[in-house]
Amino acid sequence: MVALATTTLGSAASTVTFSSIPGTYRDLRLVISATASGGADLRMSFNGDNSDGNYSRVVMSGNGSSTFSVTSSPRAIDYYANATSGSEPNVITVDVMDYMATDKHKTSLARANRAGSGTDAIALRWASTSAVTTILIDNANSQTFSTGSTFALYGIVSA
Amino acid sequence: MAITKIAEITVGSGGAASIDFTSIPGTYTDLLVVHSIRSTQAIVSAYATLTITPTSSTYSMRGLYGTGSGAGSFTTPVNYIGELTGANATSSTFGNGQIYFPNYAGSTFKSYSTDSVGESNGSAANQSLTAGLWSTTSAITGISIVSTSGTFVQYSSATLYGVLKGSSGGVVVS
């Protein structure tokens, strides 16, 4: 696994974008540790495509007392374990499989965690056969990511 | 490479009540523990708890589990870190799991996530996902996986990796 890019926010930001992603890896891993100005459901978009109609997801989630499975908010990479303004960041890892393939839609697996709210496992699909060159992280609630939030991108090399 | 093995521990013939990583350097960004453990507890799926050094009792957790016949969500024990295989599971079978600690050396509270399964060829093999929090601003210098009943059998193992952030390949962040 190779570290490709990372940022620790020095000031609040509403989006984080990874661009010019090289095509020399097999899979990508995104690791996020974030707080926000308020409750924020993080979203992931590829190559500037922010149309929900081009994405789908299925969520498995637990909040400590109940379990949930939903398919709403197709670009979201969390459900119960969203980012908040408290001292506990939500921690999200996203694996984007075979991101350079041009013969398949792009599948991602996300795990979102925040002990104060819940834990989520999410499978996502971007209905495009384009290679992924840009990843944008924003949120569905018009909140900003707080200073100190970290976003890191890694490339996983095939054998 | 972004991921480096820091230490690997394999339980010897006498068994062990815990697997302990100590003197963890603060030079990485995140930590990853991968474990494969079987317990002497007379049950199919056992579980383990976590002790972080410097020691404190400020843990909290929310988890999601499946048993093969049902699912549920839970919040205790607060330092639960995963399912193991117990003595009543299929022989020669060990559980597997991982624990991820982002920003473990930073000055904020430490969130972590776990994914684990107590393997067995039959019913009542549990799988769990959890979100954990160690509400301490100290850097993590030690991690112990602790048996809750019985001991870990010989050949149980855990490996500690350091993940280092960086930049290469011209990726731009904005």
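Let me start with A121(A), which, once its neighbours within four places in sequence are set aside, is in contact with V58(A), V59(A), M60(A), A110(A) and R111(A) in its own chain, and with L129(B) across in chain B. Please keep in mind throughout that this is a predicted model. A121(A) sits in strand β9 of chain A, which covers residues 118-126, and its relative accessibility is 17%, so it falls under the 20% limit and counts as buried. As for distances in the fold, A121(A) and I92(A) are separated by 29 residues in sequence, while their C-alpha atoms are 9.9 Å apart in space.

One of the contacts of A121(A) is R111(A), and that residue takes us to the interface between the two chains. Here 43 residues of chain A are in contact with 39 residues of chain B, and the two chains bury about 3,100 Å² between them, with 60% of that area on carbon and sulfur atoms. Of the area that chain A buries against chain B, 18% is supplied by M1(A), R111(A) and A115(A), which is more than any other three residues supply.

How many salt bridges does the rule find across this interface? There is 1 between chain A and chain B, and the side chains of R111(A) and D115(B) meet in a salt bridge with an N to O distance of 3.0 Å. Alongside that, 13 residue pairs are in polar contact across the interface, counting pairs in which both residues have pLDDT 80 or more. The side of chain A that touches chain B draws at least two residues from each of β1, β2, β3, β5, β8, β9 and β11, and the largest share, 7 residues, comes from β1(A). Sorted by class, that side has 17 nonpolar, 22 polar and 4 charged residues.

On the chain B side, I would point you to S113(B), which lies in strand β9 of chain B, residues 110-117. Is S113(B) buried or exposed? Its relative accessibility is 7%, and it therefore counts as buried. Apart from residues up to four places away in sequence, S113(B) touches R111(A) and N113(A) from the other chain, as well as Q98(B), I99(B), Y100(B) and T130(B).

The chains also share a sheet. Its 4 strands form an open sheet in the order β4(A)-β10(A)-β2(A)-β13(B), with antiparallel pairing, and the edge strands, each pairing on one side only, are β4 of chain A and β13 of chain B. The link between chains is made by 2 bridges that join β2(A) to β13(B), residues 172-173, in antiparallel fashion, and S19(A) has V172(B) as its bridge partner there. Within chain A, β4(A) and β10(A), the latter spanning residues 135-139, pair antiparallel over 5 bridges, with S45(A) partnered by L136(A).

Finally, let me turn to β11(A), which is largely enclosed by the rest of the structure, because 6 of its 7 residues are buried. Which strands pair with β11(A)? β1(A) pairs with it in the antiparallel sense over 6 bridges, and the bridge partner of T8(A) in β11(A) is T150(A). β3(A) is joined to β11(A) by 7 bridges, again running antiparallel, and in this case R29(A) stands opposite Y154(A).

Notes
Residues are numbered from 1 along each chain as its sequence is written. Chains are lettered from A and ligands numbered from 1 in the order in which they are written. This is a predicted model: local features need pLDDT of at least 70, side-chain atom pairs count only at pLDDT 80 or more; totals for chains, interfaces and linings use all residues. Side-chain values use heavy atoms; hydrogens and water are left out. Buried means under 20% relative accessible area, exposed over 50%, partly exposed in between (1.4 Å probe, protein chains only). Contact means heavy atoms within 4.5 Å. Buried area is the accessible area (1.4 Å probe) that two parts lose on being put together, summed over both. A salt bridge is a side-chain nitrogen of Lys or Arg within 4 Å of a carboxyl oxygen of Asp or Glu. A polar contact is a pair of N or O atoms within 3.5 Å; within protein, one must be able to donate a hydrogen and the other to accept it, and residues adjacent in sequence count only if both atoms are side-chain atoms. Ala, Val, Leu, Ile, Met, Phe, Trp, Tyr, Cys and Pro count as nonpolar, Asp, Glu, Lys and Arg as charged, and the others, Gly among them, as polar. Two strands pair if DSSP finds at least two bridges between them.
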